[in-house]
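Please open the model in your viewer and keep the sequence panel visible beside it. The tour below moves from a whole chain to a single pair of neighbouring elements.

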Amino acid sequence: MDKQTKEQRFRQALADYAADEVSASRDIWPALQRRLQQRHRNTVLNLTMPMQRPRWSALAAVTAVLLILGLLSYALPATLGRYLPDNNAISPARTYAATLVATSEATAVVRTATPLPDSPRRSGQVNPSLNVQAATSHGLPISLDEPPTPLPQPLLP
Amino acid sequence: MADYTLAVGVATAYMDESEAISRLQQGDIGGLEGLVLLHQTKALRVAFLITRDHALAEDVVQSAFLRVYDRIHQFDATRPFAPWFMRCVANDALKAAARRDRHLPLETEDAAQSIELTSPDLSLDEILESSEVSAAVAATLDRLPPAQRTAIVLRYYLDMSDTEMSERLDCATGTVRWRLSVARQRMRQLLPAWLGGDEM
């Protein structure tokens, strides 16, 4: 028997043996589908439970701590400022003091101002618009509804 | 081989291979089902011939299909799918068989009994006609190491050349020839009625 015939016979015997052992009707698709579904479930489980992966859970913990610290540093001053007095805010007392300073400065302006045609020096009256001008030039709040406080009588020569 | 052809015919009627690959590349799991229907029988037979274990062979083939599912985007759709897939199956089966054989003795009692069933006094026709053919082939394959068994399966079942085998097994052509030569010598000892005398 020549080499080719032997090879051919052996090929046929091998193929027949394989066909005898593994039927063509054998279907692995249902089992494969189950494995795919199981793998999909495991993937979802791993995504929702990162504790099973130590490195990822450590990274997630560090990120969470940094996020919390950032939020605290942003929100804490605003929250505390709501309940604690703010030293930089303009309080009524400070407003009153600033008004007093403005009034005294306006007085100085009046003293150096040119007398009006109807001289107030003679009548002892002061033109209120001078106070307003002086206060406004210093950026201080002046109420025009109330008449300014009468200034002390200037000393006439 | 007739039943395999029938299975392929049914699967082809259901879905073409290129269509199945295209659908799988688009994320459609139905494409994988088409590929399974087309190639599972031959893949199972290759894996079984190498591993000599039905459960292990099925596990190997399932894992190979799962790898196809994962890496189908890397596959060049212009090339034939079957050789690429059979290479994966043969490599995986070889690794699985080698792993298992590290824990099991190579020659078992069953194999020794099976080989005794083949009588060297019978003529070749008588052997081919008898039911002992399968037992003789099985015993021969059982007595070969996994690497030599894989070489025999790739050459005589998948009809691969030395070059193709070296590409499929990721080893040198000389290594493939050496494995085949040693496997043939062993087979001549185990199947003297078939292969004795002249070189196969």
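Select chain B and colour it by secondary structure: in this predicted model, chain B holds twelve helices and zero strands, so that reading along the sequence gives the pattern α-α-α-α-α-α-α-α-α-α-α-α. While the whole of chain B is still selected, consider that 42% of its 200 residues count as buried, and that, among contacts between residues at least 6 apart in sequence, 65% join residues at least 24 apart.

Next, select residues 146–156 of chain B, which form helix α9. Ten of the eleven residues of α9(B) are buried, and therefore this helix is largely enclosed by the rest of the structure. If you show side chains here, the buried residues are Pro146(B), Gln148(B), Arg149(B), Thr150(B), Ala151(B), Ile152(B), Val153(B), Leu154(B), Arg155(B) and Tyr156(B).

Now add residues 162–169 of chain B, helix α10, to the selection. How do the two axes meet? The axes of α9(B) and α10(B) come within 10 Å and cross at roughly 130°, which means that α9(B) is oblique to α10(B), and the crossing is right-handed.

Finally, narrow the view to the residues that make this contact: from α9(B) they are Thr150(B), Ala151(B), Leu154(B) and Arg155(B), while α10(B) contributes Met165(B), Arg168(B) and Leu169(B). Coloured by residue class, the residues of the contact of α9(B) with α10(B) comprise four nonpolar, one polar and two charged. On the α9(B) side, Thr150(B), Ala151(B), Leu154(B) and Arg155(B) are also among the buried residues of that helix.

Terms used:
Residues numbered from 1 in each chain as written. Chains lettered and ligands numbered in written order. Predicted model: local features only at pLDDT ≥ 70, side-chain atom pairs only at ≥ 80, totals over all residues. Helix = DSSP H or I, 4+ residues; strand = E, 2+ residues; numbered from the N terminus. Buried ≥ 20, exposed ≤ 12 C-beta atoms within 10 Å, placed from the backbone. Contact = placed C-beta atoms within 7 Å. Axes fitted to C-alpha atoms, helices over the stretch in contact; angles between N-to-C directions. Parallel < 35°, antiparallel > 145°, perpendicular 65-115°, else oblique. Left-handed = near helix turned anticlockwise from the far one by under 90°. Nonpolar A, V, L, I, M, F, W, Y, C, P; charged D, E, K, R; others polar.
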